[in-house]
Amino acid sequence: MNSPDIIIVGAGITGCAAAFELSKSNLKIEVIEKYKPASMASGWTLAGVRQSGRHSAEIPLAKYSVQEWPNLVEILGSDTGYTQMGNLRLARNDEEVIIIKNLVRNQKKAGLDIKYLSENKDIQEIAPALSKKIIAASFCSTDGHAEPIKTVQAYKSAAERNGVIFSSNEEVLEVNVKSNRVRSVRTSKRNVETQTCILANGIHCNALLKNLGMRIPLDVPIVTVIQTEKTAEILKPVIGVANANLAMRQELNGCFRITSGAQKWNGKLEEKDRMPYAATSLEKIHFTIERAIEVIPNLSQCSIKSFWGGLLDLTPDALPVIDQIKEYEGLIVASGFSGHGFGIAPAIGGILADLTMKAPARLPIDPFSLYRFKKNNNLKEEENEPTLHG
Ligand SMILES: Cc1cc2nc3c(=O)[nH]c(=O)nc-3n(C[C@H](O)[C@H](O)[C@H](O)COP(=O)(O)OP(=O)(O)OC[C@H]3O[C@@H](n4cnc5c(N)ncnc54)[C@H](O)[C@@H]3O)c2cc1C
């Protein structure tokens with residue numbers, strides 16, 4: 001391939017959705033991935049596709065995406081495992097009832113069709129396997145879930161059919177700029193000239209922003225994920241809880257995917273079988289299983305198939321950064337999804353294509369500006385100022 005017009009760093013759902021949207025243009029696009037597609041958050045994820053429980057700034061993106069999800073099978077030409085069976089967010093005690101009531105009120109104000117269920121029997125009608133101890137819940141019937149690996153593969157295959165090149169097992173080490181614009185990237189294998197670089201590399205975005213004197217303030221907590229062996233279908237909606245220390249869904253193949261809340265992580269990202277691996281602990285697994293069985297008692301009979309740790313790119317306000325960097329023409333960042341970037345990928349892919357093509361973003365993105373963080377969080381404007389333009 002001659003020099004690509006656009007390089008996308010990272011073949012998670014963000015990079016692959018952007019690649020697909022951009023593949024509708026005549027531009028030459030290459031996606032460079034350190035491991036293989038969906039090897040980090042987009043593979044570790046629960047893969048809930050929800051509008052409910054989101055910050056009002058994300059609701060337009062979530063609504064747009066929920067319109068797109070049912071059509072993706074046809075648009076992309078392969079299955080995504082998407083199913084739209086709703087999202088129940090549970091209150092397990094009086095304190096959580098208040099949280100759920102507030103959530104429903106605020107989300108209705110933000111234009112979301114969401115219900116407050118105050119009786120266990122109404123909740124059990126939607127999910128009979130739930131414990132009788134659940135005292136209230138919110139329910140958004142248009143939420144759902146999908147299969148993450150299938151979805152990323154579907155985006156990738158569709159982009160490839162339109163001519164996008166995917167290079168795996170290659171790490172982008174540096175984005176080179178000159179006269180305030182992107183000129184090339186240096187990878188573990190070569191130098192590639194390009195005019196535009198989209199950083200869609202999740203928790204590692206700061207490694208590439210650093211030499212440009214920029215930084216997104218990110219915390220990287222861990223989420224413990226447990227997958228059970230297949231069991232009879234007992235749950236259709238995605239389950240969340242008011243204090244967010246548990247979520248789960250039953251995959252279409254019958255396995256349960258159960259996640260903890262975000263937990264402090266001081267570990268080191270390792271590699272196992274040439275894939276990134278974040279170790280979780282017995283304590284975290286134990287805590288998560290206990291919470292899950294409280295909510296669905298029958299889970300106690302399930303066998304464990306697998307477990308893993310998934311890392312989040314958490315910003316201080318838990319909103320992503322989706323921005324064209326003002327200081328460097330051709331540098332676009334999409335990171336900091338803070339644990340909820342899977343469901344909104346159709347919108348994000350479209351917005352990244354808009355920014356790349358210098359078109360107005362199809363949805364409001366001001367709340368996702370890199371520049372919203374305090375000055376002292378942005379090295380570009382503080383300590384590194386002298387080196388930036390030199
Ligand atoms: C346990 C868990 C549960 C979640 N649950 C949900 C949910 O229910 N609903 C929801 O909407 N979201 C959820 N999320 C969040 C969602 O999965 C992520 O926001 C989304 O997958 C992020 O996708 P991404 O493509 O931006 O990042 P990633 O999937 O992390 O992709 C980044 C890619 O970049 C590659 N990379 C990194 N550095 C380089 C480099 N220098 N060169 C080349 N490649 C590089 C990585 O290998 C990786 O493949 C969850 C996340 C986790 C971890």
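Q: Okay, starting broad: how many salt bridges does a search of the whole structure find?
A: The search turns up 17 salt bridges. Keep in mind that this is a predicted model.

Q: What's the idea behind a salt bridge again?
A: Side chains of opposite charge can pair when their charged atoms come close.

Q: Cool, which residue forms a salt bridge with glutamate 160?
A: That's lysine 156, and the closest N and O atoms of the two are 3.2 Å apart.

Q: And where do glutamate 160 and lysine 156 lie?
A: Both sit in helix α7, which covers residues 148–161. They're four residues apart, or about one turn of the helix.

Q: Switching topic: what does the domain assignment give for the chain?
A: It gives domain 1, made of 6–46 + 149–217 + 316–388, and domain 2, made of 87–141 + 221–311.

Q: How far apart are the C-alpha centres of domain 1 and domain 2?
A: Those centres lie 29 Å apart.

Q: How many residues are in contact between domain 1 and domain 2?
A: On the domain 1 side there are 13 residues, and they're in contact with 16 residues of domain 2.

Q: And how much area do domain 1 and domain 2 bury between them?
A: About 1200 Å², with 66% of it on carbon and sulfur atoms.

Q: Which three residues supply the most of the area that domain 1 buries against domain 2?
A: Tyr35, Trp44 and Leu46. Together they supply 64% of what domain 1 buries there, more than any other three residues.

Q: How many salt bridges are there across the interface of domain 1 and domain 2?
A: Zero by the rule used. What you do get between domain 1 and domain 2 is four residue pairs in polar contact.

Q: Now the sheets. What's the order of the strands in the open sheet of three?
A: The order is β9-β10-β11, and the pairing is antiparallel. The edge strands are β9 (172–178) and β11 (191–193), each pairing on one side only. On average, neighbouring strands in this sheet are turned by 25° against each other, ignoring direction.

Q: What holds strands in a sheet together, generally?
A: Strands pair through backbone hydrogen bonds, either parallel or antiparallel.

Q: So how many bridges are there between β9 and β10?
A: Six, in the antiparallel sense. As an example of who faces whom, valine 172 stands opposite threonine 187 in β10.

Q: What's in the hairpin of β9 and β10?
A: There are two residues between the strands, and serine 179 takes a positive phi near 45° in this hairpin.

Q: And how many bridges for β10 and β11?
A: Three, where β10 is residues 181–187 and the pairing is again antiparallel. Here serine 184 stands opposite glutamate 193 in β11.

Q: What about the open sheet of eight strands, what's its order?
A: That one goes β5-β6-β4-β14-β15-β16-β13-β19, with mixed pairing. Its edge strands are β5 (115–117) and β19 (304–311), which each pair on one side only. The twist averages 20° from one strand to the next.

Q: Last one: how do strand β14 and strand β15 run, parallel or antiparallel?
A: Antiparallel, with two bridges joining β14 (residues 238–241) to β15 (residues 246–250). Glycine 240, for instance, has alanine 247 in β15 as its bridge partner.

Terms used:
Residues numbered from 1 in each chain as written. Predicted model: local features only at pLDDT ≥ 70, side-chain atom pairs only at ≥ 80, totals over all residues. Heavy atoms only, no water. Pairing = 2+ DSSP bridges. Axes fitted to C-alpha atoms, helices over the stretch in contact; angles between N-to-C directions. Domains from an automatic or database assignment. Contact = heavy atoms within 4.5 Å. Buried area = accessible area lost by both parts, 1.4 Å probe. Salt bridge = Lys/Arg side-chain N within 4 Å of Asp/Glu carboxyl O. Polar contact = N/O pair within 3.5 Å; in protein donor to acceptor, adjacent residues only side chain to side chain.
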